[in-house]
Structure formats: structure tokens, C-alpha cells
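The following report describes selected structural features of a protein model, arranged by topic. Please consult the sequence and the structure alongside the text.

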2 protein chains.
Amino acid sequence: MERITCPVLATRRATAEEAAAHIRPGNAVGMSGFTGAGYPKAVPGALAARIDAAHARGEDFQVSLWTGASTAPELDGALAGVDGLAKRLPYNSDPTLRRLINDGKVDYVDTHLSHSAQQAWFGFYGDLDVAVVEVAAVLPNGLLVPSSSVGNNKTWLERANKVILEVNHWQPREFEGFHDVYYGAALPPHRIPIQLTHAMQRIGDPYLRVDPAKVVAIVETDAPDRNAPFDPPDASSQRMAGLLVDFLRHEVKQGRLPASLLPLQSGVGNVANAVMEGLLTSEFEEMTAFTEVIQDGLLDLLDAGKLSAVSATSFGLSPDGVRRFLANPGSYKGRILLRSQEISNHPELVRRLGVIAINGMIEADIYGNVNSTHIMGSSIMNGIGGSGDFARNAYLNFFVSDSLAKDGAISSIVPMVSHVDHTEHDVQVLVTEQGLADLRGLSPSDRATRIIDRCAHPDYRDRLRDYVARARAARPHAQHTPHLLDEALGWHANYVRDGRM
Amino acid sequence: MERITCPVLATRRATAEEAAAHIRPGNAVGMSGFTGAGYPKAVPGALAARIDAAHARGEDFQVSLWTGASTAPELDGALAGVDGLAKRLPYNSDPTLRRLINDGKVDYVDTHLSHSAQQAWFGFYGDLDVAVVEVAAVLPNGLLVPSSSVGNNKTWLERANKVILEVNHWQPREFEGFHDVYYGAALPPHRIPIQLTHAMQRIGDPYLRVDPAKVVAIVETDAPDRNAPFDPPDASSQRMAGLLVDFLRHEVKQGRLPASLLPLQSGVGNVANAVMEGLLTSEFEEMTAFTEVIQDGLLDLLDAGKLSAVSATSFGLSPDGVRRFLANPGSYKGRILLRSQEISNHPELVRRLGVIAINGMIEADIYGNVNSTHIMGSSIMNGIGGSGDFARNAYLNFFVSDSLAKDGAISSIVPMVSHVDHTEHDVQVLVTEQGLADLRGLSPSDRATRIIDRCAHPDYRDRLRDYVARARAARPHAQHTPHLLDEALGWHANYVRDGRM
């Protein structure tokens, strides 16, 4: 079926190679893509080939890459594989690129996902030379039907000097009507309230706009999203999900949450999926989600009629989830809405709606500081993503992790985290397979007792208690957050040296 | 002049001692007060005397104390002095209480100031037994003219089971009309957009409401606010202010800020005052402020006609500033508006208005993490206050500090901060008397170079560079944020041990 029905834009059809030729060394390139959905499938590879050839000729060729969030091997992986990236923002989870970042070969600017679009508008990252955006169709009037993610596409299309579109036939044409692109954003002092009061409310347009004069190429593709499979929840994830759902039940009973809860946000991953599975068999009805990514667990809840609606910025389905969605996309219309990430993650909206935020973590310390990004203080894992947008502004937030990693060589509860992404002021509930620690309204000392008792693995509890006891004894007039400065990061140092904390 | 003209409430007149008798051991007490303004002047002392007498009889008597922010020796100091506090939130700067917290004798729950009211409403802190709120007058219809701060007063008056009012004749009766108390707040899922789009816009009532049935006592006082004097800006503060104002000028020139800037927020203290003094002699006109506290520097700008309007939650004037204000309060009406702190600090509004946030810090590390609260990792200084509300949501944020403390024994730029309150994701510009480091869009490694070159004191630069070089060499595949885990907090450990970093 014809997907490019705009007579003006139809004349810009090009091959991926022709399109990639518009991208020059040193350019800042804004590409679509969020959690392996909606990224361009062809131009990045063609760009990588161009870069590789330039390097073979001894020429410098690197670009700065801005996206929505993570993409896929065909994008981040391909460009990293040819040493084509000088700078990357606002998020990455590609293993090849991660290695380059940690080898010090790519500058990575890890950014709150709600900040990325506005900081580009503010001019904090400099000019954007080219946008490369995947869409599902180009309509006769030149409007664009967005693809399986919206991310920062609106901003890249508006800010870039040149635009390359990829029209992906693999994406369902039925996507038309699944999106809500807010065009009321402005720069201060001209900003106005965002008039959104429930998850499914439309405040924008179903289409992305583009200035036809800027469109230098349109490439047609037919290629699937990354669609990583999920492992079925293991016993540990199920236990964490059970603790979390029980806690929500308790909060409803105490009158601190409505019976249908408040809009759910859950990070990407197996624990998040397990929580959704836990909600599937719960008594909660008419739930909603106001989140970043639609994973299989949310689809299950929609299919079961437990969830009324999901607002997000991207799909993040498994191959099986994709099959289920594609079998009948129309049945989800009006129940799924994809928005720009500046809206899906907006502090104003997260706080107003009173989101329940559930995010993974790498480690937490005994005082409730959370590390979401760094391994042993220095190596980046992925990035902060939307966790800060949601956690800080949530009604209630949870950070979840197994209590152990690397077969017990690592405790995810430590004396002091080796990097802080969520401060003690922003962390309410910690969950491991050992238990749940409700930290609301507690002082640091009380938090320490509760976190060690409830969340730390028994193999590490005595050492954590010993640390606290010795820290308390060491400086009698420094009891607010007792620490032994020589030892606070000692567990991490041990691991780096000996492979065990 | 009669200040209590409500016939119903006039019958509740009582002495401070009679009023304090309504407060029982174990009670949670919400008192007015923000930055030494608008706190109750008489009941806290009477309560302290009651507690002291109970202790002399061998009885337990402590309360939990909730306020807007810091208060004064007559409140925090008096209650701390008799060991009368079990728990304190959301902020404190009283030296006596600070000592007790750091001795481990009071549980201190240091909280974002924009979170405190809503978390009380969410029920996260438990019930509020008594509110003790200073006002300027009680009107015939029972409405209350607020005093020199609004803080959390609306919430305490609504949440508390019993209310004690203090009517302070020292506060100008002309305060009527200086306040805007937003009564549109609700709990999720019933929240609606806050329709504020400029600093002076009224969205609420000039009065606080109280259920007359809950008012158990009204005490009349005639006592000044704390009104700490400011030191005149020293050379270092002036230098930082100069750097900051030059940077704003540069941003205007680059088209990244409007000519009249964006609404200013500045933390409390001498550097903030110096910045305001720097703006006084600048070319900027028609500025506005959307901030927490009105300090002398803002009054100067108002008096000079450089500043059109100030929205805040509290006054924080010096004795001289108070004299100037009291000489002609009416002349400031329509140019000063005091709001609840959930509004003055609201993420929704700070982000919408695009606030320029200027806050002090204790230390920053080479990667741009900022410590605003802890001395050497363990002792609390004051608290995070509103710095997180403003910095995270600002258009542009600055953290300022001298590069040295304790006669050079401490560097405020360190390898790793001993406590994180503002993460690398939230910090844009650092300023010391040595220079200004613009960190926007930089990776951690680039930040390190810039912070060391521009902000660190020359006496510490080589050691910082040496740290980075050795950290880079130590773990070749951990180059995103190079650290030596055994040494990262070594400077702080040195200081604790030897009195020098």
C-alpha cells in the first residue's frame, strides 16, 4: 500500500545512501527511536558505511547523536561499530556503544529524558544539523503519521536544518490515531499550563508536522523494531512483584491510595513486567498507566480489561507482544496513546496525576540513596532515563533490585552508593526479594535500620550493621548520616580488586 | 489597634501558657515560620517551659515539629534547649537543634520544601495534632490575614485537629493584600493545572481560612521576626556575583535569555545578596523574581525600579530591610506577593516560568555533583530546602561557593562529594571566586577538566588533576566517570583525621 501520498514530499524519495550523504562530518544528528522502537532502520547503516569508507581514506568523520532514548544495534551499534560517534545524548543501552563510552572514546551526556527536548530548544546543545525520523506514513497534506515511538521527534523535526524521513512499511498503517503530539510547548516566558488531567486526554494532534522545504530525502523501509524478548519472571522477580502489590493493597486499605490506584509508571525490564503480571491477578480494576514504555505486561493488563488506558511515548514489546498487537491494532485504539517524551515524562504531569513510579536500580545505600547508572562508581550501565522525572514527582515511588548480583559477589545494598542518581530526598520505597522498606518520613538512621533489616541479603546484613555501629561510634557528633569515610566505598573497592565485595 | 475582630474567635483569647497546655506529649505539631519570619513568638516558649517542667518531674515529653522551613531561637532553639523534640521536618538551621541532630538525639527528616505539604496530605507523616500559626489579624468573618511568611500554614491549619493562633501586633496590619493563598490544591486523581503564568498573578485568596471549631486558643503577641543582619558582600562574593551577572549578559547576547532575563530565584545568604547587588548596577530592567525568600537585595532592586515584582513565600530581611519595608509597606503592595511554599517552589511553576535558580552549596565534585547539606559526609548543616525544587526544574541553574573554606584547609571542589543532593544530571553552572564553569551539554570527563580549570582553587588544582589522571590510568575500561574508589573520599577522611584535606 502506498504510504507516501503527499505529492510534494513524494518527489524526495531517495535511497538510504543518498539520504545519508546529507550528513556531514561534525554534524549533530537527531534520530528517532525510544527503547528499540521507531528508530530509523536504513539511514544509520548507510551513514555507518559512509563513515567507515571515510575512515578508510584517512578522513575524520564522526557525528553527535541525539535520540529519544535507547535504539538498536542497527543504529547505535552500527555507528559505534565504525567509531562514528563523538557525542551521544540523552540515553544509551547499546553494548557496543557502552563499551566505547567506558573506554573513554565517546562523550556521553546522560540526561533526564524530560529535559532533553527543552534543553535542545534552549540552545544548550548547539545547533541540530539533520533529523532522521521514522514514520508510518506521509499524508497528502504533508502531515506525518508517527511510528512506534514519538520520543523527541517533534523537537528534532522542528530544530533540524535538514530532515530525512524513513517510512517503514513494517509499522502498522493503523497507527494513525494512536498518537497525541502536543504543539502547545513554548519557551519561557511564553509557556502556559499543560491542560492534561487524565492519562488518555488528548491535548495535541495525531500527527507530526514537518516543514516540507527542509525534507531532503524520504527513504522507504520494511524492517521490524528491535523487540527484545522478555524472560518469564523468575522467582525473585515474582517475589518482588508480590511485595509491591501487597504494599499497594495496604496503602489502599490505609486510605492513602484510591481503589483503582493512581496512574502507573514502570521502568523497562523483567521486574516491571513481573509487577504487571502481579497486578493481573490482583483485585485492582480500572487502572491506568502514565509511563514511558508499553511493555508486554501492560498489554496483558489491557487485554484482561484490568487497565483502562496507557499513555506512553513508545512501545517496547517482545516479538510475541508485537504479534498480539499487530493481530488487531484497531482494538487498542482509544486505549493506547503515544506522546512526546517531554509530555510522557513531564514533572508537571507526573506530579499532577500522582503517578506510582516503579523503577529498577543498580544499588541503594543504607540511607536510601539510589544508583541507577554506574557500575562500581565509574562505568556507565545505561543511563538515568526517565527514572528521575518520575521518582522525584511521583505520588509514591519504588526502586527494585535483587539483593545480590554476580552470584552473591555483589550486594545491591551497600554502605554508600558509588554514584547517586536519586538522593535520599527522592526515594520512598525499596524492594528486593528479601523484603520491602518503606522509608517515608524516616530519618537517615531509621532508614538504615529498616533497609538492612528488610532489603539486604542475610549474607551481608551483619557486615552492614557492623558498618553502621562502627560509623556511629567513630564520630559521636556526626550522627545524622553516620559514615566511615575510609570505608564507605570499600565494598566497591574490594570488588574491583578481588571480584568480591 | 484591635486585631481580632471576629466575635466568635475573639472568645478564644488565651495566654501562651493556656494555649501550650493543648499540646500533649507525643503530639505532632505544625508551626508557622519560614527563614525566621512569621513563626509563633510566644507559644513555643510556653511549650518549652511545660516540657522542661515535665522533664523535671521525670515525665517524658517530646513532640514532632513540622514547619515551613527554618524558624528562630525562640522556636527551634527553645524546644531543642529543653530536649523537647523527637522529630523535625522539613528544614532546620538552628544551631542548638543542629547539634542535637548531629548528636543523634533528634530524628531529622530533611525534605524538599515543595514536597512537605503534599506528603503531609498524602498521610506519609501521620496525623497532625496541633497547628500553631502566627497571623497579622483575624477578620470579622474569621478569615486570617497572614503574617510575614506563608510556608505550610494553609496545610497545617487544614490538617491539624486543634489550632492555636498567634496574632502578632508587630507585624504590619497593612499585610492584608500581600498574600495569595492557593485553595485549588487537591489530592490525585483530582488535581487540575495551576493556572499561573507570571510571577505576580493571583490564583488564590489574600487570606488563610480556618475552621473556627478547631481554634482552641488565640494568643496576642508583639514581637519582631528574627531578622538576622547581613554582612556586606565581601570581595569574594562580589567576584562571584560579577561572574554570574556577566554570564547572564552573555546568555542574553547569545539569544538564550530574554533581555529582562527570566524570573530569578536565589537562595538565602550573602552571595545571593551580592548577586542582587550586582544586578542593581546592571543594564537589566523589568526583572521579576519567583523565589522562596525576599532578602534585602530584592528589596533594593524593587526600590530601584529594576525589579517589577517578587513572588515568594517569606520575608527574610535584615533589621535595616525591615525598617525600610515598615516605613511604607503600602508602596510594595502589588509588587510583592507571598504564596504557600507548595506554590512558590512548585516544579510545575518553576519549569513553566523558566526560573533562573541561584543557590549556595557546601561542595561540588569534579563531575558536577553537588552537596548542599552535609559536612564531611555525616553531619547535617541545614538541609536541602528548596534548592532541589528550583535547580531540577530551572531554565538555568547556578551553584555558588567560595573555592576554599577553613582558611584553605578545605577545598569546596573535591574528587567526590561526601553527600549528593543535586546529581550530575541537575547541575548546570558552578561558580566560585576563581571562575565559572558552564557544564551544559558536557560529558563527565569534560566537566572535570572545566571545573578544575575554572572553579578549583589553584592550591588544589594539581592534586585534582593528579587524581583524574591516576583514576583514568587505573581502570582503562571505566572511563565514563573515572574514580579511585580507595581515594575518592580521601580528602574528607584527611580532614576528619588531620584538620586538612
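## Cis peptide bonds and positive phi angles

In this predicted model, A:P90 lies in the loop that runs between β3 (85-89) and α5 (95-102) of chain A. The peptide bond leading from A:L89 into A:P90 is cis, and its omega is near 0 degrees. Another cis peptide bond links A:P188 to A:P189, with omega about 10 degrees. A:P189 belongs to the loop between β8 (179-180) and β9 (215-221) of chain A.

Positive phi values outside glycine are found at A:D83, where phi is near 55 degrees, and at B:M376, where phi is about 50 degrees. A:D83 sits in the loop between α4 (73-81) and β3 of chain A. B:M376 occupies the loop between β19 (374-375) and β20 (379-380) of chain B. Their surroundings can be described by accessibility: A:D83 counts as partly exposed because its relative accessibility is 37%, whereas B:M376 has a relative accessible area of 8% and is therefore buried.

## A buried glutamate in contact with chain B

A:E348 is part of helix α13 (residues 347-353) of chain A. Its relative accessibility is 2%, so A:E348 counts as buried. The side chain of A:E348 forms a polar contact of 2.6 Å with the side chain of A:R352. A polar atom of the A:E348 side chain also lies 3.0 Å from the backbone nitrogen of A:I194.

When residues up to four places away in sequence are not counted, A:E348 touches A:P193 and A:I194 in chain A, together with B:E348 and B:R352 in chain B.

## A mixed sheet in chain A

An open sheet of 3 strands in chain A has the order β18-β17-β24, with mixed pairing. The edges are formed by β18 (370-371) and β24 (413-414); each has a single partner strand, so one side of each lacks a neighbour in the sheet. Strand β17 (residues 363-365) runs parallel to β24(A) and is joined to it by 2 bridges. In one of the pairings, A:D365 has A:V414 of β24(A) as its bridge partner.

## A hairpin in chain B

In chain B, 2 residues make up the hairpin connection from β25(B) to β26(B). Strand β25 (residues 429-432) and β26(B) run antiparallel and are joined by 4 bridges. Across this pairing, B:V429 stands opposite B:D438 of β26(B).

In a regular strand, side chains alternate between the two faces of the sheet. Within strand β26 (residues 435-438) of chain B, B:G435 and B:A437 point one way, while B:L436 and B:D438 point the other way; all are buried.

## Chain A as a whole

The secondary structure of chain A consists of 17 helices and 26 strands. An unreviewed UniProt entry annotates residues 333-467 of chain A as "domain: Acetyl-CoA hydrolase/transferase C-terminal". Over residues 333-467, chain A is 29% helix and 27% strand, and the end C-alpha atoms are 54 Å apart.

A compact globule of 501 residues would have a radius of gyration near 23 Å, and the 23 Å of chain A agrees with this. The C-alpha trace of chain A spans about 75 × 55 × 45 Å along its principal axes. Among the 501 residues of chain A, 66% count as buried. Of the contacts in chain A with a separation of 6 or more, 73% are between residues 24 or more positions apart. The exposed area of chain A is about 15,500 Å², of which carbon and sulfur atoms supply 50%.

Methods. Residues are numbered from 1 along each chain as its sequence is written. Chains are lettered from A and ligands numbered from 1 in the order in which they are written. This is a predicted model: local features need pLDDT of at least 70, side-chain atom pairs count only at pLDDT 80 or more; totals for chains, interfaces and linings use all residues. Side-chain values use heavy atoms; hydrogens and water are left out. Two strands pair if DSSP finds at least two bridges between them. UniProt positions are given in the numbering used here, feature names are shortened, and annotations may be inferred rather than shown by experiment. The radius of gyration is taken over C-alpha atoms; the globule rule is 2.2 Å times the number of residues to the power 0.38. Buried means under 20% relative accessible area, exposed over 50%, partly exposed in between (1.4 Å probe, protein chains only). Contact means heavy atoms within 4.5 Å. Accessible areas come from the Shrake-Rupley method with a 1.4 Å probe; for residues, only the protein chains shown count as cover. A polar contact is a pair of N or O atoms within 3.5 Å; within protein, one must be able to donate a hydrogen and the other to accept it, and residues adjacent in sequence count only if both atoms are side-chain atoms.
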